[in-house]
Amino acid sequence: MMEKALILITAYLLGSIPFALLVGKIGYGIDIREHGSGNLGGTNTFRVLGVKAGMIVTCGDMLKGTLAASLPVLFSVHIHPLLAGVCAVIGHTYPIFAKFRGGKAVATSAGVMLFYSPFLFVSLLTVFFIVLYISKYVSLSSMLAGVYAVIYTIFFTDDIPLMIAVSLLTAFIFYRHRANIKRIVNKTEPKIKWLGRK
């Protein structure tokens, strides 16, 4: 029982690593929470610090989900990898190392899928970038990729834990993007300018 608790706590702590905060302070001397949307995630890092910093933060946020989901396997502890992954996502959104003010769960959730279902991960990225190319909204692309994941797991798999985890994570992503949804409806949500047609 102690081993299981340690795995889940470690997964949460991994998720709590605030890469956006670290990259901003160490690499640029700024607290990214005081700039842009104030969000500790890849999208705000891209907008505030640029492509290089944004890529580092996005990859870091993603891989901490991947590592967290792999912990039960690495240490041979009888816990479902998705449970450890969900703990990392909670850590990312409510990080103990950043006063419980974190990101919006997208990259870390994707990292969990990278470990548990690589095909789903690749198809999620495909959907994300197709929607991003068309709409230029990162938030909308993230949410619709989540909707795709729910549909995919319900109709094309018989993996009940995956269905539950994907549904919960997608609902959480929508919850974390509720302000973005309002801005999309009001046509005030910022669009990216670096992908595809103007």
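**Exercise 1. Find out where Lys64 and Asp61 lie and how they are linked.**

Start with location: Lys64 and Asp61 both sit in helix 4 (residues 51-74), three residues apart, which is about one turn of the helix. Helices here are DSSP runs of H or I with at least four residues, strands are runs of E with at least two, and both are numbered from the N terminus.

Next, the link. Lys64 makes a salt bridge with Asp61, and their closest N and O atoms are 3.3 Å apart. A salt bridge here is a side-chain nitrogen of Lys or Arg within 4 Å of a carboxyl oxygen of Asp or Glu.

Last, the surroundings. Lys64 has 4% relative accessibility, so it counts as buried. Asp61 is buried too, because its relative accessibility is 2%. The cut-offs: buried is under 20% relative accessible area, exposed is over 50%, and partly exposed is in between (1.4 Å probe, protein chains only).

**A word on the model.** This is a predicted model, where local features need pLDDT of at least 70 and side-chain atom pairs count only at pLDDT 80 or more, while totals for chains, interfaces and linings use all residues. Residues are numbered from 1 along each chain as its sequence is written, and side-chain values use heavy atoms, with hydrogens and water left out.

**Exercise 2. Work out how many salt bridges there are, and go through the others.**

The count comes to three salt bridges. Besides the one in helix 4, take Arg33 and Asp31: their closest N and O atoms are 2.9 Å apart, and both residues are buried.

Then look at Arg183 and Glu189, whose side chains meet at 2.8 Å, N to O. Arg183 is partly exposed, with a relative accessible area of 29%, whereas Glu189 is buried at 6%.

**Exercise 3. Say how confident the predictor is, and which helices have the lowest and highest mean pLDDT.**

pLDDT is the predictor's confidence in each residue, from 0 to 100. The protein chain averages 94, and 97% of the residues score at least 70. Among the elements, helix 3 (residues 42-49) has the lowest mean pLDDT, 92, and helix 5 (residues 81-93) the highest, 98. A reading tip: where pLDDT is low, the predicted coordinates should not be read in detail.

Now pick a residue from helix 3: Phe46. Phe46 is partly exposed, at 24% relative accessibility. Phe46 and Ala20 are 26 residues apart in sequence, and their C-alpha atoms are 9.9 Å apart in space.

Ala20 has another partner to check, Gly103: these two are 83 residues apart in sequence and 9.0 Å apart in space, C-alpha to C-alpha. Gly103 belongs to the loop between helix 5 and helix 6 (106-116), and Gly103 is buried, with a relative accessible area of 0%.

**Exercise 4. Count the aromatic pairs and describe two of them.**

There are six aromatic pairs in the structure. One of them is Phe119 with Tyr152, a tilted pair at 5.9 Å centre to centre with 40° between the planes. Phe119 lies in helix 7 (residues 118-135) and Tyr152 in helix 8, so this pair ties together parts that are 33 residues apart in sequence. Phe119 is exposed at 54% relative accessibility, but Tyr152 is buried at 16%.

Phe172 and Tyr175 give a stacked pair, 6.4 Å centre to centre with 10° between the planes. Both are in helix 9, three residues apart, so about one helical turn separates them. Tyr175 is partly exposed, with a relative accessible area of 42%.

The rule used: rings of Phe, Tyr and Trp (its six-membered ring) pair if their centres lie within 6.5 Å; planes under 30 degrees apart are stacked, over 60 edge-to-face, and the rest tilted. Ring pairs also link Phe119, Tyr148, Tyr152 and Phe156 into a cluster.

**Exercise 5. Identify the residues of the nonpolar surface patch and where they come from.**

The patch is formed by Leu144, Val147, Ile151, Ile154, Phe155, Phe156, Phe174, Ile181 and Val185, together about 840 Å² of accessible area. Helix 8 (138-156) and helix 10 (178-186) are the elements giving two or more residues, and helix 8 gives the most, with six. Phe174 comes from helix 9 (residues 160-176) and is partly exposed, at 31% relative accessibility.

Patch residues have over 30% relative accessible area and no salt bridge; like charges are joined within 9 Å, nonpolar side chains (Val, Leu, Ile, Met, Phe, Trp, Tyr) within 5 Å. Accessible areas come from the Shrake-Rupley method with a 1.4 Å probe, and for residues only the protein chains shown count as cover.
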